[in-house]
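Visitor: I would like a close look at one part of this model, the nonpolar core. Please take it slowly and place it in the chain around it.

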Amino acid sequence: MNLNTVFTINVVIAGLFGVGFVFAPEAMQAPYGVSPEQAAASASMGRFFGASNLGYAMLFWFIRGTAASDARTAVVKAVCLGFGASFLVSLIEQMSGTFGPMGWSTVALYGIFAAVYGYFGFGKGAEA
């Protein structure tokens, strides 16, 4: 798998979550075991989360076809660290019982993307 493939996969995932959370934040939280009251109270934050995901999707869309460069590697490193922090937060929240079993999918997604971007940003894949 090359870095452009990872970017493309990330476009799809971030885009779907982004659109879902912008337009239906309460419905997006339901599968995670968030109560309707909590989902309604956090709908505006869900929309911010969705908008942020749309921004990621656009970043990955625009950078996926660029040539290897210091700037591209810097973006990959920054994204790796951001996904790493998100992995830790989602793991802590999952372990505290904030989310239902579906929350493990979020932990997994953040962990996988942190590891893959870490490989391309800090490992031998940095030239890709």
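Guide: What follows goes from the whole chain to the core and then to single residues. This is a predicted model, in which local features need pLDDT of at least 70 and side-chain atom pairs count only at pLDDT 80 or more, while totals for chains, interfaces and linings use all residues. Residues are numbered from 1 along each chain as its sequence is written, and side-chain values use heavy atoms, with hydrogens and water left out.

The protein chain has six helices and zero strands, where helices (H or I, at least four residues) and strands (E, at least two) are DSSP runs numbered from the N terminus. Its radius of gyration is 15 Å, close to the 14 Å that the globule rule gives for 128 residues, so the chain is as compact as a globular protein of that length. That radius is taken over C-alpha atoms, and the globule rule is 2.2 Å times the number of residues to the power 0.38. Along its principal axes the C-alpha trace spans about 45 × 30 × 20 Å.

Of the 128 residues, 32% are buried; buried means under 20% relative accessible area, exposed over 50%, and partly exposed in between (1.4 Å probe, protein chains only). Contact means heavy atoms within 4.5 Å. Among contacts between residues at least 6 apart in sequence, 68% join residues at least 24 apart.

Now the core itself. A nonpolar core is a set of buried Ala, Val, Leu, Ile, Met, Phe, Trp, Tyr and Cys residues joined through side-chain atoms within 4.5 Å. The largest one has 15 residues, of which L3, V6, F7, F60, V76, F83 and Y117 touch the most other members. Helices α1, α4 (43-63), α5 (70-95) and α6 (103-122) each supply at least two residues of this core, and α6 gives the most, with five residues.

Leaving aside residues up to four places away in sequence, V76 touches L3, F7, Y117, F120 and G121.

N10 lies in helix α1 (residues 3-23) and is buried, with a relative accessible area of 3%. With the same sequence neighbours left out, up to four places away, N10 touches G15, F60, F83, F113 and Y117. Among these, F60, F83 and Y117 are also core residues that touch the most other members.

L81, by contrast, sits in helix α5 and counts as exposed, at 57% relative accessibility. Its C-alpha atom is separated by 23 Å from that of F99, 18 residues apart along the chain.
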